[in-house]
Amino acid sequence: MSSSTVITNIATLVTNDPSLGDGSPLGLVRDAAVVIDGDRVVWTGESSKAPATDNRVDAAGRAVLPGFVDSHSHLVFAGDRTQEFNARMSGRPYTAGGIRTTVAATRAASDAELEANLTRYLAEALRQGTTTLETKSGYGLTVEDEARALRVAARHTEEVTYLGAHVVSPDHADDPAAYVALVTGEMLDACAPHARWIDVFCEKGAFDGDQARAVLTAGKAKGLHPRVHANQLSYGPGVQLAVELDAASADHCTHLTDADVDALAHSRTVATLLPGAEFSTRAEWPDARRLLDAGVTVALSTDCNPGSSFTSSVPFCIALAVRDMGMTPDEAVWSATAGGAAALRRTDIGRIAPGARADLLLLDAPSHVHLAYRPGVPLVDAVWRAGVRVV
């Protein structure tokens with residue numbers, strides 16, 4: 001039998017449901033309480049009106065938020081790219097080619113080594129409030145290495161993405177067409193049973209628009225839903241392709257035309273912004289303000305990977321988005337919770353409302369604004385996932 005718990009004396013509760021709170025997108029409730037029964041939220045409202053429960057947690061005048069939804073990461077890998085980062089910080093520009101360094105290390109690693117690495121970073125993210133995390137393959141680039149990466153990932157998260165089309169495999173450097181055929185054929189057959197999503201790096205140095213369309217179309221035919229690494233390093237066809245194929249998200253979205261912004265605004269495709277990548281590559285920041293003002297749904301994610309964004313901290317990305325991408329603290333928090341849920345086409349997470357999964361975090365601060373106001377400070381004091389306190 002499940003037991004019920006009330007978290008009471010919450011200074012600021014972020015519900016992400018305007019009807020439950022102050023009418024804002026965050027649906028803020030002051031002096032609030034939340035009731036959890038089993039793995040679900042069953043009640044939210046003012047503390048004084050909370051129903052009786054089996055257990056009680058006193059938030060002591062602190063803020064409660066939905067657990068962060070990190071909808072873009074690359075955590076099945078081995079090796080280290082410290083030297084590359086050091087060189088980049090000393091003046092060498094970032095390109096897509098560095099991925100091959102991680103490919104070599106990942107191929108050489110055992111399944112146990114890959115799994116240990118993955119669980120390490122999942123635990124690190126959980127301590128910082130991430131309760132749902134998507135992760136991808138893409139550092140194997142052979143049939144067996146991509147399939148085993150997905151098998152490892154699927155043991156630890158339900159949001160698994162096949163990214164055989166990360167870059168052209170070094171084994172097919174002289175014949176990209178043969179590699180696309182492999183990604184859309186034998187490799188797809190081996191990987192599809194272990195994944196929910198299919199992704200492609202549509203960029204100069206990786207895959208062009210026609211190649212990306214072939215990859216995503218083949219994935220859709222196997223029951224995988226598209227996501228796209230789009231318009232990160234240059235203007236290109238990625239965003240338009242994402243919208244055309246009803247991709248759940250177009251990720252990066254740094255170099256956008258007015259037509260790209262308009263296409264996103266009139267689609268279900270979420271623009272997932274990854275400020276850790278710009279921070280770690282000293283690249284141009286995405287213009288979140290432009291997207292939000294146009295009515296585009298925006299998500300924030302870490303892009304945690306060993307090459308271009310080696311952070312698992314959603315709070316850090318929230319602070320970057322507010323400081324350098326034109327987002328308000330409210331918008332950044334919404335994008336890291338409800339926005340991430342939208343990028344995964346999920347309605348059971350990213351909000352604190354009756355019927356939602358009881359994924360939530362307690363900040364050692366009276367307001368969600370402190371995530372941007374106090375950058376770099378470990379403010380997450382407790383985390384519940386599916387109704388169980390895990391931090």
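This note goes through one sheet, two helix pairs and two backbone outliers in a predicted model.

1. **Sheet layout.** Seven strands form an open sheet. Their order is S3-S2-S1-S4-S15-S16-S17, and the pairing is mixed. Strand S3 (40-46) and strand S17 (388-389) stand at the edges. Each has a single partner strand, so one side of each lacks a neighbour in the sheet.

2. **S1 with S2.** Strand S1 covers residues 4-13. S1 pairs with S2 in the antiparallel sense, over seven bridges. For register, check Ile10: this residue stands opposite Ala32 in S2.

3. **S2 with S3.** This pairing is antiparallel too, with six bridges. Here Asp37 stands opposite Arg40 in S3. The two strands make a hairpin, with two residues between them. Gly38 sits in the turn and has a positive phi of about 65 degrees.

4. **S15 with S16.** Strand S15 (residues 360-363) and strand S16 (residues 380-385) are joined by four bridges in the antiparallel sense. Leu363 has Val380 of S16 as its bridge partner.

5. **Asp31.** Look at the backbone here. Phi of Asp31 is near 45 degrees, a positive value in a residue other than glycine. The residue lies within strand S2 (residues 29-37). Is Asp31 buried, partly exposed or exposed? Its relative accessibility is 43%. That value lies between the 20% and 50% cut-offs, so Asp31 counts as partly exposed.

6. **Arg282.** This is another residue other than glycine with a positive phi, near 55 degrees. Arg282 is in a loop, between helix H10 (275-281) and helix H11 (288-293). Its relative accessible area is 59%. The cut-off for exposed is over 50%, so Arg282 is exposed.

7. **H5 against H7: geometry.** Two packed helices are described by the angle between their axes and the distance between the axes. Helix H5 spans residues 176-184 and helix H7 spans residues 209-221. Their axes come within 9 Å and cross at roughly 15 degrees. Angles under 35 degrees count as roughly parallel, so H5 is roughly parallel to H7. The crossing is right-handed.

8. **H5 against H7: residues.** Which residues of H5 and H7 make the contact? From H5 come Pro176, Val180, Val183 and Thr184. From H7 come Gln211, Ala214, Val215 and Ala218. By class, six of the contact residues are nonpolar, two are polar and none is charged.

9. **H3 against H4: geometry.** Helix H3 (residues 111-127) and helix H4 (residues 143-154) have axes that come within 10 Å. The axes cross at roughly 45 degrees. The roughly parallel class needs an angle under 35 degrees, and the roughly perpendicular class starts at 65. H3 and H4 are therefore oblique to each other. The crossing of this pair is right-handed.

10. **H3 against H4: residues.** On the H3 side the contact has Asp111, Leu114, Glu115 and Leu118. On the H4 side are Arg148, Val152 and Ala153. How many residues of each class does the contact of H3 with H4 have? Four are nonpolar, none is polar and three are charged.

11. **Where to look again.** For the backbone, revisit Asp31 in S2 and Arg282 in the loop between H10 and H11. For the helices, set the H5 and H7 contact, with no charged residues, beside the H3 and H4 contact, with three.

How values were computed:
Residues numbered from 1 in each chain as written. Predicted model: local features only at pLDDT ≥ 70, side-chain atom pairs only at ≥ 80, totals over all residues. Heavy atoms only, no water. Axes fitted to C-alpha atoms, helices over the stretch in contact; angles between N-to-C directions. Parallel < 35°, antiparallel > 145°, perpendicular 65-115°, else oblique. Left-handed = near helix turned anticlockwise from the far one by under 90°. Contact = heavy atoms within 4.5 Å. Nonpolar A, V, L, I, M, F, W, Y, C, P; charged D, E, K, R; others polar. Buried < 20%, exposed > 50% of the residue type's maximum accessible area, 1.4 Å probe, protein only. Pairing = 2+ DSSP bridges.
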